[in-house]
Amino acid sequence: MKISVAIKSALIAGVWFASTAVVWAQAPASAAPSGPPPSAKQAAVIDLTGYWVSIVNEDWRWRMMTPPKGDYASVPLNPAGKAKADTWDASQDGSCKAYYVAGLMRMPTRLHITWASDDVLQIESDWGQQTRRVFFKSAQLPPPGAGTPQGRSLGIWEHPVKVIGGMGFASGGPASPDGSLKITTDYLAPGWLRRNGVPYSEHTQLTEYFDRFQTPDGKEWFVVTTIVDDPSYLTKPFITSSHFRREPDGAKWTPRPCKS
């Protein structure tokens, strides 16, 4: 599923009006270079490596604490999804299912992002002690099989293309002026969108857009726009945006396990 520029920009940090619009697309084809193609690390359009802390500036009651049973407001659950959510009870609080891939980035957590290899980006969380691996070559993806907590993720760098004229949304706002990282994830194990058991199924397709930007005070941020598409439990895609601010080092990195 391709998210439109208007939705993406509005989700990241509100609407920014300008005289140029941005269309997000793959890098255009160019003349065949001599030598081997660059690795994903060499071709990166934004640098996401380092330590980052989640800044919870919305949805506080669902993200900073465990909501009560049956509180699934704003999630487009169908009747089957609501029935599944209603089976949760407080004894399940702290379950690792809340830290599976479709819910992990909504947690008030810290992330440590590194290159595991030149074509594999690694994302670790301190809350729940989860590790995600993003592959940039489809040939390196794990073979299809049973769903796993962090699924099977394929990354691609996307470049902005400016369209001149007209009123639109500009990359001069919070979106990365140099491009984005798009991640698609499949083969997910069933998990939760919130800690009170709001479910997503093994049929979920997850799409994420990572954008990095700098604020006028010099602080560095990235925003991940997450699209959860689950035909089993949702009536329509569930779209959120989560903000992370760079930290100077790992001094505040405090891993906390979840309950298996």
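## Asp-59 and its arginine partner

Asp-59 counts as partly exposed in this predicted model, at 26% relative accessibility. Its salt-bridge partner is Arg-106, and the closest N and O atoms of the two sit 2.8 Å apart. Asp-59 is in the loop between S2 and H3, while Arg-106 is in the loop between helix H5 (101–104) and strand S3 (110–117), so the pair ties together parts that are 47 residues apart in sequence. On the arginine side things are more covered: Arg-106 counts as buried, because its relative accessibility is 11% and the cut-off for buried is under 20%.

## Strand S13 and its neighbours

Now over to strand S13, which spans residues 238–247 and is mostly covered, with seven of its 10 residues buried. Two strands are worth looking at here. Strand S12 (residues 220–229) runs antiparallel to S13 and is joined to S13 by eight bridges; Thr-225 has Ser-241 in S13 as its bridge partner. Strand S2 (residues 50–55) is also antiparallel to S13, with five bridges between them, and Ile-55 stands opposite His-243 in S13.

Side chains get involved too. Arg-246 forms a salt bridge with Glu-220, with 2.8 Å between the closest N and O atoms. Since Arg-246 lies in strand S13 and Glu-220 in strand S12, the pair ties together parts that are 26 residues apart in sequence. Arg-246 counts as partly exposed at 26% relative accessibility, and Glu-220 counts as partly exposed at 23%. Back at the Asp-59 site, salt bridges that share partners join Glu-58, Asp-59, Arg-63 and Arg-106 into one network.

## A buried salt-bridge pair

The Arg-110 and Glu-247 salt bridge has its closest N and O atoms 2.7 Å apart. This pair links distant parts of the chain, with Arg-110 in strand S3 and Glu-247 in strand S13, 137 residues apart. Both ends are under the 20% cut-off for buried: Arg-110 has a relative accessible area of 19%, and Glu-247 has one of 12%. In total, the structure holds 10 salt bridges.

## Ser-125

Ser-125 belongs to strand S4 (residues 120–125) and is buried, with a relative accessible area of just 3%. A polar atom of the Ser-125 side chain lies 2.8 Å from the backbone oxygen of Trp-127. Leaving out residues up to four places away in sequence, Ser-125 touches Leu-104, Thr-109, Arg-110, Leu-111, Gln-130 and Trp-253.

## Lys-259 and the surface

Lys-259 is in the segment after strand S14 (256–257) and is partly exposed, at 40% relative accessible area. Its C-alpha atom is 4.6 Å from that of Ser-95, although the two residues are 164 apart along the chain. Beyond its neighbours within four places in sequence, Lys-259 is in contact with Ser-91, Gln-92, Asp-93, Gly-94, Ser-95 and Cys-96. The Lys-259 side chain also has a polar atom 3.1 Å from the backbone oxygen of Ser-91.

Elsewhere, Trp-60, Met-64 and Met-65 make up a nonpolar surface patch, with about 300 Å² of accessible area together. Met-64 is in the loop between helix H3 (60–63) and helix H4 (79–85) and is partly exposed, at 32% relative accessible area.

## The whole chain

Zooming out, the chain has five helices and 14 strands, and 48% of its 260 residues count as buried. Among contacts between residues at least 6 apart in sequence, 66% join residues at least 24 apart. The accessible surface comes to about 12,300 Å², and carbon and sulfur atoms account for 57% of that.

Methods:
Residues are numbered from 1 along each chain as its sequence is written. This is a predicted model: local features need pLDDT of at least 70, side-chain atom pairs count only at pLDDT 80 or more; totals for chains, interfaces and linings use all residues. Side-chain values use heavy atoms; hydrogens and water are left out. Helices (H or I, at least four residues) and strands (E, at least two) are DSSP runs, numbered from the N terminus. Buried means under 20% relative accessible area, exposed over 50%, partly exposed in between (1.4 Å probe, protein chains only). Contact means heavy atoms within 4.5 Å. Accessible areas come from the Shrake-Rupley method with a 1.4 Å probe; for residues, only the protein chains shown count as cover. A polar contact is a pair of N or O atoms within 3.5 Å; within protein, one must be able to donate a hydrogen and the other to accept it, and residues adjacent in sequence count only if both atoms are side-chain atoms. Two strands pair if DSSP finds at least two bridges between them. Patches are made of residues with over 30% relative accessible area and no salt bridge: like charges are joined within 9 Å, nonpolar side chains (Val, Leu, Ile, Met, Phe, Trp, Tyr) within 5 Å. A salt bridge is a side-chain nitrogen of Lys or Arg within 4 Å of a carboxyl oxygen of Asp or Glu.
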